Amino acid sequence: MELLASGRDADVYAIDRDRVLRRYKGNRNSAGEKTIMARLHTLGFPVPRVYSARQRDLIMERLYGPTMVEALVSRDLEAERAGEMLAELHKRLHKLPPPVPNKPDHRVLHLDLHPGNVIITSKGPVVIDWRNARTGEPGLDRAVTGVILAHVAAGDSILAAPARDLLAAYREALGEPLSHVREAMAFRAADAHLTEEERNELSRAEALLV
Ligand SMILES: Nc1ncnc2c1ncn2[C@@H]1O[C@H](COP(=O)(O)OP(=O)(O)OP(=O)(O)O)[C@@H](O)[C@H]1O
Ligand SMILES: [Mg+2]
């Protein structure tokens with residue numbers, strides 16, 4: 001099988017023209033993601049169709065198109081539009097019916113919605129990488145995206161300036177102030193993948209969100 005991409009958590013292989021295999025590098029189970037993605041697909045939210053999940057493996061629809069990061073770097077997409085797209089995706093996700101009957105304020109949260117996890121297909125943006133997904137308060141999902149974007153904006157990579165514009169456009173398009181910022185900071189800080197430098201930058205990111 002052709003290796004299409006190797007991320008921090010998973011390798012993604014092309015099975016054929018229509019399907020990819022996402023295989024966790026570590027000992028993680030994909031069954032939870034399959035259940036969430038299948039429900040979202042049924043409700044009309046743009047996620048890859050899932051075919052099967054077994055232990056570390058998830059077989060899903062193969063998407064064609066650049067990630068939002070690639071589209072930003074190639075200048076096919078402006079930061080302002082990307083920010084609006086992220087806000088639109090969050091609004092759509094959080095408008096779906098509550099998944100747990102006795103928790104009417106809870107929704108499905110992605111908790112990692114950023115430009116690396118959106119593929120721009122000919123049919124529009126599609127959200128991938130549902131490893132963090134769970135139910136909870138939508139404000140936390142929005143704040144996590146805010147913290148991720150602020151984190152990049154606070155760094156010195158070539159993506160820092162676009163991330164600043166993207167964050168501003170995202171917040172504007174949400175039409176309401178960010179809540180849950182403290183909780184989102186703690187959530188990101190708990191990410192075992194962060195380097196020492198990234199942790200220092202994360203503490204600077206909070207200043208961009210007040
Ligand atoms: N359904 C798909 N169709 C085509 N390519 C895909 C699909 N899902 C993932 N990919 C490719 O694999 C890459 C990594 O996917 P994903 O984000 O799920 O893994 P990851 O290990 O979390 O990666 P990262 O550390 O970069 O977030 C994507 O950027 C994309 O290039
Ligand atoms: Mg990813």
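User: In this predicted model, how far apart are the end C-alpha atoms of residues 75-171?

Analyst: UniProt, in an unreviewed entry, places the feature "domain: Aminoglycoside phosphotransferase" at residues 75-171. In the predicted model, this span is 46% helix and 14% strand. Its end C-alpha atoms are separated by 21 Å.

User: Which residues come nearest to ligand 1?

Analyst: The surroundings of ligand 1 comprise 18 residues. By class, this shell holds eight nonpolar, three polar and seven charged residues. Those that come nearest are Arg8, Ala10, Arg22, Leu63 and Asp129.

User: What distance separates a polar side-chain atom of arginine 22 from an oxygen atom of ligand 1?

Analyst: Polar contacts to ligand 1 involve both backbone and side-chain atoms, as three residues illustrate. A backbone N or O atom of alanine 10 lies 2.9 Å from an oxygen atom of the ligand, and a backbone N or O atom of leucine 63 lies 2.9 Å from a nitrogen atom of ligand 1. For the polar side-chain atom of arginine 22 and a ligand oxygen atom, the distance is 2.7 Å.

User: How much of the area that ligand 1 exposes when taken alone does the protein bury?

Analyst: Taken alone, ligand 1 exposes 610 Å². Of that area, the protein buries 84%.

User: Which elements give two or more residues to the shell around ligand 1?

Analyst: The shell draws at least three residues from each of domain 1 (2-61) and domain 2 (68-209). At the level of secondary structure, the elements that give two or more residues are strand 2 (10-14), strand 3 (19-24) and strand 5 (57-61).

User: Why does the pair of phenylalanine 45 and tryptophan 130 tie together separate parts, and how many residues apart in sequence are they?

Analyst: A search of the whole structure finds one aromatic pair. Phenylalanine 45 and tryptophan 130 form it edge-to-face, at 6.0 Å centre to centre with 90° between the planes. Phenylalanine 45 lies in the loop between helix 1 (31-42) and strand 4 (50-54), and tryptophan 130 in the loop between strand 8 (124-127) and strand 9 (134-136), so the parts tied together are apart in sequence by 85 residues.

Conventions:
Residues numbered from 1 in each chain as written. Chains lettered and ligands numbered in written order. Predicted model: local features only at pLDDT ≥ 70, side-chain atom pairs only at ≥ 80, totals over all residues. Heavy atoms only, no water. Near = heavy atom within 4 Å. Polar contact = N/O pair within 3.5 Å; in protein donor to acceptor, adjacent residues only side chain to side chain. Areas by Shrake-Rupley, 256 points an atom, 1.4 Å probe, with all protein chains shown as cover. Helix = DSSP H or I, 4+ residues; strand = E, 2+ residues; numbered from the N terminus. Nonpolar A, V, L, I, M, F, W, Y, C, P; charged D, E, K, R; others polar. Domains from an automatic or database assignment. UniProt positions renumbered as here; feature names shortened; annotations may be inferred. Phe/Tyr/Trp six-rings, centres within 6.5 Å; stacked < 30°, edge-to-face > 60°.
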